Amino acid sequence: MFRLSTLDSRLSTLVVRAFALTSSAVMAIFYDTHAHLDYPEFAQELPAVLARARAAGIAKIISIGTDLDSSKRALRLAEDFPNVFAVVGWHPSHANEAPTDFRSGLRELARHPKVVALGETGLDYHRLPSQKPEFSAVDDECYKNKQADLFRQHLEVATELGLNCVIHQRDSLEDTLAQLEPFADRVRGVFHCFANDPPAMQRIVALRSMVSFTGILTFKNGQNIRDTLAATPMDQFMLETDCPYLAPVPYRGKRCEPAYVKEISEVAAQVKGCSPEELSAATCATAEQFFRGLGSDV
Ligand SMILES: [Zn+2]
């Protein structure tokens, strides 16, 4: 009886493996390495959003925190759904609301076993206070210093804990690289939603960091980004949606969701001149190597 049931369980394991092999043969698997699943846009139908992702072959999703509460929500989602992982941190655009020292908060959050990196962190000079009449260049400097300080705290804690960082960079490439450089032998960054040119990508790769591409890759006016992807080494980039933002064609302008990595991957495979399976193998291996613990079975 015992032997029979052992045989049964072995057989069922084999059946599951065979099924997995068959389904991966018909559908290339991808990961959404940057999603904001905790945003209110998903609150009403998260199980359906995740089911559509699974049906589209998006096997793992990383939900990215943008402040303390958002990071805690990302962790709860990672606890509720086996294929969801979390990145915890404080977004530079919210730097003014951050505590002066967020390092102990980061350490605490990062103790969770499903935290795969810190972020999103970095520098964003796209919207500076002086764009409003009541603020001046002095306020801009103050805001930039606050962002820089918060970014440095993420890099310090990442160094301590042996984690990598998800980096948000907008109109701030020089300062972001300058801040990353002293940490570059210990911490790697993924410059997410990458929209810069090939020389910028090469400077990032030279620091052992990498880039990731969103739905912008599919936009009619996204040729410069396709050119950057074409120049990016096959093992130095990942795919992401940055949902609920930046839905790829043909959903452009609508709410984005993780399932749409499929559309992004189709354009990426064309640009790289490879098969979906080759792109799947390369980008999933890169993500598993970059994000600690992402490779564990779900
Ligand atoms: Zn983001």
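Me: Where is L246 found, and why is L246 called partly exposed?
Reply: In this predicted model, L246 is found in the loop between strand 8 and helix 9. Its relative accessibility is 26%. Buried means under 20% and exposed over 50%. L246 falls in between, so it counts as partly exposed.

Me: What makes the phi of L246 a value to note?
Reply: Phi of L246 is near 60 degrees, which is positive, and the residue is not a glycine. Most residues other than glycine have a negative phi.

Me: Which value does phi take at C193, and where does C193 lie?
Reply: Phi of C193 is near 50 degrees, again a positive value outside glycine. C193 sits in the loop between strand 6 (189–191) and helix 7 (198–206).

Me: Why is P248 called buried?
Reply: P248 has 0% relative accessibility. The cut-off for buried is under 20%. P248 therefore counts as buried. P248 belongs to the loop between strand 8 (237–239) and helix 9 (261–272).

Me: Which residues is P248 in contact with, beyond its neighbours within four places in sequence?
Reply: P248 is in contact with G215, T218, F219, C256, Y260, E263 and I264. F219 is 29 residues away along the chain, yet the two C-alpha atoms are separated by 6.9 Å.

Me: How do you know that the bond between V249 and P250 is cis or trans?
Reply: By omega, which is about 10 degrees there: the peptide bond joining V249 and P250 is cis. P250 is in the loop between strand 8 and helix 9.

Me: What is the peptide bond from G119 to E120?
Reply: That bond is cis too, with omega near 5 degrees. E120 lies in strand 4 (residues 115–124). Most peptide bonds are trans.

Me: Why is N164 called buried when its relative accessible area is 12%?
Reply: The limit is under 20%. At 12%, N164 is below that limit, so the label is buried. N164 is placed in the loop between helix 5 (137–161) and strand 5 (165–170).

Me: What makes the pair N164 and F290 a polar contact?
Reply: A polar atom of the N164 side chain lies 2.9 Å from the backbone oxygen of F290. The distance limit is 3.5 Å. The pair is therefore within the limit. F290 is also among the residues that N164 contacts beyond four places in sequence, along with A117, L118, V187 and R188.

Me: Why is S71 called buried?
Reply: Its relative accessible area is 0%. Buried requires under 20%, so S71 qualifies. S71 lies in helix 3 (residues 68–80). Leaving aside neighbours within four places, S71 is in contact with G65, T66, V88, G89 and L109.

Me: Why does E141 count as partly exposed?
Reply: E141 has 43% relative accessibility. Exposed would need over 50%, and buried under 20%, so E141 is partly exposed. E141 is placed in helix 5. P129 is 12 residues from E141 in sequence, and 9.3 Å from it in space, C-alpha to C-alpha.

Me: Why is P198 called partly exposed?
Reply: P198 has 22% relative accessibility. Buried means under 20%, so P198 misses that label and counts as partly exposed. P198 is found in helix 7.

Me: Which residues does P198 touch, and how far apart are P198 and H112?
Reply: Not counting residues up to four places away, P198 touches D227, T228 and A231. H112 is 86 residues from P198 in sequence and 36 Å away in space, C-alpha to C-alpha.

Me: How do you know that the radius of gyration agrees with a compact globule?
Reply: For 298 residues, a compact globule would have a radius near 19 Å. The protein has 20 Å, which agrees. The C-alpha atoms fill a box of roughly 75 × 40 × 40 Å along the principal axes.

Me: How many helices and strands are there, and how many of the residues are buried?
Reply: The protein has 10 helices and 8 strands. Buried residues make up 51% of the 298. Among contacts between residues at least 6 apart in sequence, 72% join residues at least 24 apart.

Me: What makes up the exposed surface and the charge?
Reply: About 14,100 Å² is exposed, and carbon and sulfur atoms supply 56% of it. There are 31 positive and 38 negative side chains, with the centres of the two sets 5 Å apart.

Methods: Residues numbered from 1 in each chain as written. Predicted model: local features only at pLDDT ≥ 70, side-chain atom pairs only at ≥ 80, totals over all residues. Heavy atoms only, no water. Helix = DSSP H or I, 4+ residues; strand = E, 2+ residues; numbered from the N terminus. Rg over C-alpha atoms; globule rule 2.2 N^0.38 Å. Buried < 20%, exposed > 50% of the residue type's maximum accessible area, 1.4 Å probe, protein only. Contact = heavy atoms within 4.5 Å. Areas by Shrake-Rupley, 256 points an atom, 1.4 Å probe, with all protein chains shown as cover. Lys, Arg positive; Asp, Glu negative; His and termini not counted. Charge placed at Lys NZ, Arg CZ, Asp CG, Glu CD. Polar contact = N/O pair within 3.5 Å; in protein donor to acceptor, adjacent residues only side chain to side chain.
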